[in-house]
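Please find below my notes on the model, set out as numbered points for your consideration.

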Amino acid sequence: MAGAGVSQERWRRLVSGVWRSITVWVASTATMLVLAALLPDFRLESAAGDSLTRVALTAAAGAGVFGLLSSLVWPRLVRLLLLVPALVLGLLVFFLNGSLLLLALRVTPSGHGEAAPETAVVVAAAMSAVASATGGSLAVRDDDAYRRRLYRLAARRRGHGAHSREPATPGTLFIQLDGVGHDVLRAAVDKGLMPTVASWLGPRDGDGPSHRLTPWRTDWSSQTGASQLGILHGSNHDVPAFRWYEKDNHEVMVCNRPAGAAELQRRAIERTGDGGLLTVDGASRGNLFSGGADEIALVLSVSVRRGRENRSRAGYFAYFSDPANAVRTALSFLAEVGREIAQSTRARLSRQRPRVGRGGLYPFVRAFATVVERDVVVAAVIGDMLAGRNAVYADLVAYDEVAHHSGPHSRDAEQVLRRLDRSLALLEHVAAHAPRSYRIVVLSDHGQSPGETFRTRYGRSLRDLVRTGCGLAVPDTAAGAGAHDETWESTRSGTEARAAVRAALRRPLEEDGPGHRPARRRSEPVVLASGNLGLVSFPDVPHRMSREEIDRRYPALLPMLAGHPGIGFLLVGSEEHGGVVLGADGEQIPVGLLEDGSGPLAGFGPGAADAVRRTHSFPRTADIMVNSWYGPASGEVLAFEEQVGSHGGLGGAQGRPFLLSPLSLSDPTGDGTELVGAERLHQVFRRWLRECDGPQVPLAQAAPAHADEERDERAA
């Protein structure tokens with residue numbers, strides 16, 4: 001009886017598969033017939049004319065051959081084209097699909113099909129879209145068929161069959177929504193923009209919520225480089241900002257440069273003594289750092305590797321091996337470019353304030369972040385779950401990219417949140433078909449604080465201000481200052497998305513690019529920006545300068561900066577006190593005596609004093625750390641970069657991201673203390689992996705020693 005049941009099940013699956021194939025074939029044939037009637041350069045009959053039956057047979061044969069070529073030839077073409085930059089591959093999608101259609105028409109038995117090359121591109125795109133929609137809708141109705149389809153995607157990505165065994169322990173999926181602050185997420189849920197997240201936080205089918213929402217506090221450097229390094233590798237020690245000048249190397253370290261990310265990951269591993277959160281059976285997708293994972297896609301820190309060692313782009317094959325996916329993503333990419341152009345034009349015509357420039361390559365960078373990066377990362381995560389991986393960490397950068405240019409509370413950014421929620425819904429649905437259960441954790445690495453730029457409000461950049469205080473020449477216009485300074489030019493916005501683009505374009509080495517080695521006389525200051533955090537370094541002095549040394553050399557500089565209305569406070573070293581924080585009206589507080597809510601840190605919120613003290617302990621902290629003004633009532637800051645939504649310093653929502661975790665995992669704040677710092681999140685995530693009883697990464701024996709060392713440095 002059991003054997004008969006198995007045979008019946010196999011027969012049912014065979015019939016179901018044949019039925020779906022026939023339905024897709026019929027839909028593709030109908031599409032060809034309709035397009036042949038509408039498009040003048042596409043015909044399915046001979047010049048002398050054919051009967052309707054012959055035309056229909058030609059269409060059916062063409063659709064069948066095109067489908068066969070797409071199934072057999074397309075995956076191999078994509079594998080070969082992995083050597084081509086991803087953005088170029090997106091443009092080749094249409095050409096290749098059209099070429100397959102022309103070939104299909106040529107080899108049909110009648111030989112009467114004909115199309116102009118440009119028309120073939122349109123017809124092929126339409127047929128792929130119809131085939132994908134038809135097959136997908138039929139498969140989704142059949143739960144087993146949908147599961148088998150997803151398993152094929154996983155097997156194709158891994159290069160071999162999916163796991164036959166089903167792990168008894170649950171896996172953990174970490175999804176990072178880059179730049180989404182706690183309050184932004186809460187507001188999006190209340191507005192109905194994120195129904196999936198709302199369902200996790202509210203009653204579900206008569207049951208209670210499945211997840212809890214917890215805010216956490218970043219370090220002073222509220223940006224992806226510091227947060228993700230701490231989360232994935234357990235240490236973000238000596239990362240004072242997104243970019244900073246290193247006097248020992250005479251170079252500018254930038255978190256989103258491949259060489260910089262690789263070096264920061266190396267330093268973190270050396271400090272902690274272990275490979276990272278994802279070392280055992282883990283996957284890293286779309287991140288700056290690998291977390292020690294073997295399975296990687298769009299990971300910046302490994303993109304410096306050449307040849308076979310660089311597997312960061314292998315995730316493209318899983319997605320683009322399906323021609324329908326390739327066409328859909330390419331069309332969505334073009335639509336997103338058009339959407340950005342329309343939105344930026346509307347903002348300019350309506351004289352929206354604050355506003356920054358959104359021209360040049362930005363529409364394409366945004367489209368890559370909101371479409372290509374999202375689709376490739378989500379497809380890779382789907383494959384990871386179906387392969388039963390123990391832990392997966394993925395970063396979706398779409399919101400952060402749009403919010404930088406449109407504002408964190410803008411309508412443009414809200415539309416991105418709606419689409420991100422749909423991605424979460426898809427992952428939740430796929431998790432139900434995985435060979436093991438998954439606990440889905442969603443988090444952000446930082447938030448964003450709104451506000452106009454420092455240059456817009458005061459007509460000059462921070463660099464201009466510093467040069468004035470040093471008695472150096474300043475260009476006639478603020479625009480000229482930015483355009484003619486190589487180091488300052490490197491502070492353009494869109495950092496996370498541009499990092500993903502670099503990995504996709506196979507541009508791993510940028511040592512000769514602007515900002516890596518400042519092209520200036522070493523006696524002049526290097527001025528860098530990370531959101532509303534500015535850093536001033538004097539490269540001709542090998543050590544970190546003290547306040548006394550700066551005053552002797554440039555007596556007007558520190559009083560001018562500290563007294564400027566657009567600057568909140570300064571941190572500098574001190575021969576007398578070790579370090580001091582300077583505010584307006586000559587206010588000076590030794591670092592060891594700093595308190596939240598008073599002195600120059602008044603209004604910056606809880607934890608500001610500890611954050612400043614920790615950064616002061618870093619060996620590579622800049623000579624002068626400059627935090628912009630912050631308005632507690634409005635939540636606004638003044639970015640030193642060209643961003644209307646910024647992060648990187650202290651002040652407002654940028655330092656208050658969120659952690660959305662399943663109730664089946666222990667409370668991240670179970671000990672009653674607030675979650676502070678990315679390194680704390682790393683410890684929480686390790687605890688959760690232990691709770692899942694999966695393969696564990698042992699904590700390094702050296703880690704406590706480093707923790708003690710850091711506490712000693714803070715106390716000093």
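1. Gly471, just after helix 17, takes a positive phi of about 75°. Helices (H or I, at least four residues) and strands (E, at least two) are DSSP runs, numbered from the N terminus. The model is a predicted one, in which local features need pLDDT of at least 70 and side-chain atom pairs count only at pLDDT 80 or more, while totals for chains, interfaces and linings use all residues. Residues are numbered from 1 along each chain as its sequence is written, and side-chain values use heavy atoms, with hydrogens and water left out.

2. Helix 17 (residues 462-469) is largely enclosed by the rest of the structure, because seven of its eight residues are buried. Buried means under 20% relative accessible area, exposed over 50%, and partly exposed in between (1.4 Å probe, protein chains only). Among the buried residues of helix 17 are Arg463, Asp464 and Arg467.

3. Helix 17 lies across strand 12, strand 13 (533-537), strand 14 (567-574) and strand 17 (624-628), and runs at about 150° to strand 12. Axes are lines fitted to C-alpha atoms, for helices over the stretch in contact, and angles run from 0 to 180 degrees between N-to-C directions. Helix 23 (residues 608-616) lies across strand 14, strand 15 and strand 17, at about 40° to strand 14.

4. An open sheet of six strands follows the order 12-13-17-14-15-16 with antiparallel pairing; two strands pair if DSSP finds at least two bridges between them. Strand 12 (526-530) and strand 16 (588-590) are the edge strands, each pairing on one side only. The twist from one strand to the next averages 20°. Strand 15 (residues 578-582) pairs with strand 16 in the antiparallel sense over three bridges, and Val580 stands opposite Pro590 in strand 16.

5. Seven strands form an open sheet of mixed pairing, in the order 4-21-10-3-9-7-8. Strand 4 (211-215) and strand 8 (295-297) stand at the edges with a single partner strand each, so one side of each is left without a neighbour in the sheet. Strand 3 (residues 171-177) and strand 10 (residues 438-443) pair in the parallel sense over six bridges; the bridge partner of Thr172 in strand 10 is Arg439.

6. Glu246 is placed in strand 5 (residues 243-246) and counts as buried because its relative accessibility is 2%. Not counting residues up to four places away in sequence, Glu246 touches Glu251, Met253, Arg267 and Arg620, where contact means heavy atoms within 4.5 Å.
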